[in-house]
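Subject: Structure handover and notes

Dear colleague,

I am handing over the structure below, together with some notes on what was found in it. Please have it open in your viewer as you read.

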Amino acid sequence: MTRRITLSVLALLTLVLVLAVVPLGLSMAQRERMSFRDDVAGDASTISAAAEEHLSDHHSDAEAAQLVRAAGRRGDCATVYDTSGAVVLTTRCADVADGDGASLVRAVLRHPGTRVVEDDQWLTTAVPVGETDDTVGVAVLSRSADPLDDRIDDMWLRLGLIATGGLAAAVGVSVLLGRWVGRPVHAVAASARKLGEGFLDARAPQVSGPPEVRRLAAAFNTMAARTEALVHGHRAVVADVSHQLRTPLAALRLRLDLLATGADRATAEELVRAQEEIARLSRLVDGLLAVARAENASPRPVPVRVDEVAAERVRAWEPVARERGVTLVARCAARLSAYLGPGDLEQVLDNLIANSLDAVPAGSTVSVDGTRQQDQVVLRVVDDGPGMSAQARQSAFRRFGNPQATGTGLGLAIVHRLVTAGGGTAELLPTPGGGLTVRLTLPRPDTSSAKTRDADAAAP
């Protein structure tokens with residue numbers, strides 16, 4: 001944010017300075033040149049008027065000679081010519097612009113009038129001596145353009161320093177403004193990220209920044225406090241349900257065991273069926289508690305070696321697969337890592353492998369495949385069993401959404417919750433040739449999300 005504000009202010013001020021300073025500099029430079037030409041023309045006219053008294057009225061040339069010598073002391077080149085082009089008075093130098101003084105004198109004598117010639121080094125002004133219809137000579141004054149160029153360069157330098165100082169001040173002010181706005185925004189973002197990662201006590205500071213940002217922090221804190229109260233209340237309900245249901249279920253199961261001891265055969269069979277329903281109800285309660293814990297827990301994601309975890313879980317389930325006549329294999333790319341909560345991947349794979357082993361017949365194959373795809377890790381659990389219908393796949397991730405489930409139907413709901421909590425996705429696809437494929441997309445540790453975390457942590 002600070003960088004964007006600084007660049008925006010810098011670009012805007014640069015545009016304003018270019019549109020204001022450049023025309024001003026060009027106008028001032030043009031005025032300097034016009035003033036320089038007027039000064040040269042005025043000095044040349046003064047020498048011409050003094051030389052007219054000598055050439056027309058045959059007075060002494062002392063005044064004209066004094067003016068010529070004064071011009072020489074200033075560094076100018078001044079020369080007075082008569083009508084024949086002969087030099088009457090001159091300084092030690094007689095340089096003129098373009099180096100052709102004789103042609104300039106002839107042009108003025110032929111067509112009386114002031115003529116100005118300029119090159120890179122000199123500005124030369126030729127003024128006729130006497131009246132226009134009675135010209136008795138020509139006064140030529142050449143002045144070096146170096147002082148003019150120095151003044152113009154100095155003017156541009158001052159304007160450049162002023163513009164640079166303005167830009168530097170604007171950058172400093174915009175950086176301070178950006179930090180004043182950005183720091184509380186980053187603090188709110190960091191608190192929101194912590195809240196999303198499961199730190200329910202995360203709060204944003206409300207003591208700095210613009211009023212709008214402080215109001216945003218206050219609204220966020222109110223929301224976080226209410227969320228914390230709701231989650232804690234939900235957890236308390238789950239804990240109460242756990243204790244309140246497990247105890248009567250255990251007592252009921254014990255009473256049924258006692259009744260089955262002395263019952264006749266028909267009654268005993270009914271009691272056995274009742275015990276099976278109670279066992280199923282116990283598993284259902286345990287599944288509900290597992291889903292509730294998964295929904296309430298939002299652990300901070302950490303890099304997890306997918307290839308190592310997959311290989312380890314396959315080895316753990318291999319005896320069960322061998323006993324059921326199922327081939328269980330793991331095919332993951334080497335050094336494959338993803339972002340997940342600690343222990344989540346183990347639980348996800350356990351649920352998926354257990355579901356596959358329960359669903360496929362003997363002689364089937366269950367494989368765990370892991371590959372890299374751009375900034376993601378794709379993990380597939382593939383079986384060639386009976387598969388699931390399209391309707392069942394659409395509702396399988398919901399609680400009790402799988403009508404084909406042989407257990408509680410909560411395993412896939414837990415998988416979906418754990419995967420999406422870490423920023424991933426989960427979907428069910430038909431396996432080509434028959435069967436079910438569970439496709440999990442997990443963020444990689446070197447993706448932009450990790451870079452964003454680091455950038456936010458380092459931001460002022």
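The structure, which is a predicted model, holds 2 cavities of 30 Å³ or more. The largest cavity has a volume of about 50 Å³, and the residues lining this cavity are Cys 77, Ala 78, Thr 79, Tyr 81, Ala 94, Asp 95, Val 96, Gly 101, Leu 104, Val 105 and Val 140. By class, the lining divides into 8 nonpolar residues, 2 polar and 1 charged. Strand β1 gives the most to the lining, with 4 residues, while β1 and α3 each supply at least two.

Helix α3 deserves a paragraph of its own. The helix spans residues 101–110, and its buried residues are Gly 101, Leu 104, Val 105, Ala 107 and Val 108. These buried residues lie on the same side of α3, because the arc that they cover around the axis is only 160°. As for what they pack against, the partners are the strands β1 (77–82), β3 (115–118), β4 (122–131) and β5 (134–144). Gly 101, Leu 104 and Val 105 also appear in the lining of the largest cavity.

Strand β5 leads on to another residue that I would like you to look at, namely Ser 144, which has its place in that strand. Is Ser 144 buried or exposed? Its relative accessibility is 18%, and since buried means under 20%, Ser 144 counts as buried. Its side chain reaches the backbone nitrogen of Asp 146 at 3.3 Å, and, when residues up to four places away in sequence are not counted, Ser 144 touches Phe 36, Gln 121 and Trp 122.

The last site is Thr 437, which is placed in strand β12, a strand that runs over residues 436–443. Thr 437 counts as buried because its relative accessibility is 7%. The side chain of Thr 437 is joined to that of Thr 431 by a polar contact of 2.7 Å. Leaving aside neighbours within four places in sequence, Thr 437 is in contact with Arg 380, Val 381 and Val 382, and also with Glu 427, Leu 428, Leu 429, Pro 430 and Thr 431. Thr 431 therefore appears both in this list of contacts and as the polar partner of the buried Thr 437.

With best wishes

Technical notes. Residues numbered from 1 in each chain as written. Predicted model: local features only at pLDDT ≥ 70, side-chain atom pairs only at ≥ 80, totals over all residues. Heavy atoms only, no water. Buried < 20%, exposed > 50% of the residue type's maximum accessible area, 1.4 Å probe, protein only. Polar contact = N/O pair within 3.5 Å; in protein donor to acceptor, adjacent residues only side chain to side chain. Contact = heavy atoms within 4.5 Å. Arc of directions from axis to C-beta. 1 Å grid on protein atoms, 1.4 Å probe; cavity = no way out; pocket = protein on both sides within 12 Å on 5 of 7 lines; lining within 4 Å. Points joined across faces, edges and corners; volume = space filled by probe spheres on them. Nonpolar A, V, L, I, M, F, W, Y, C, P; charged D, E, K, R; others polar.
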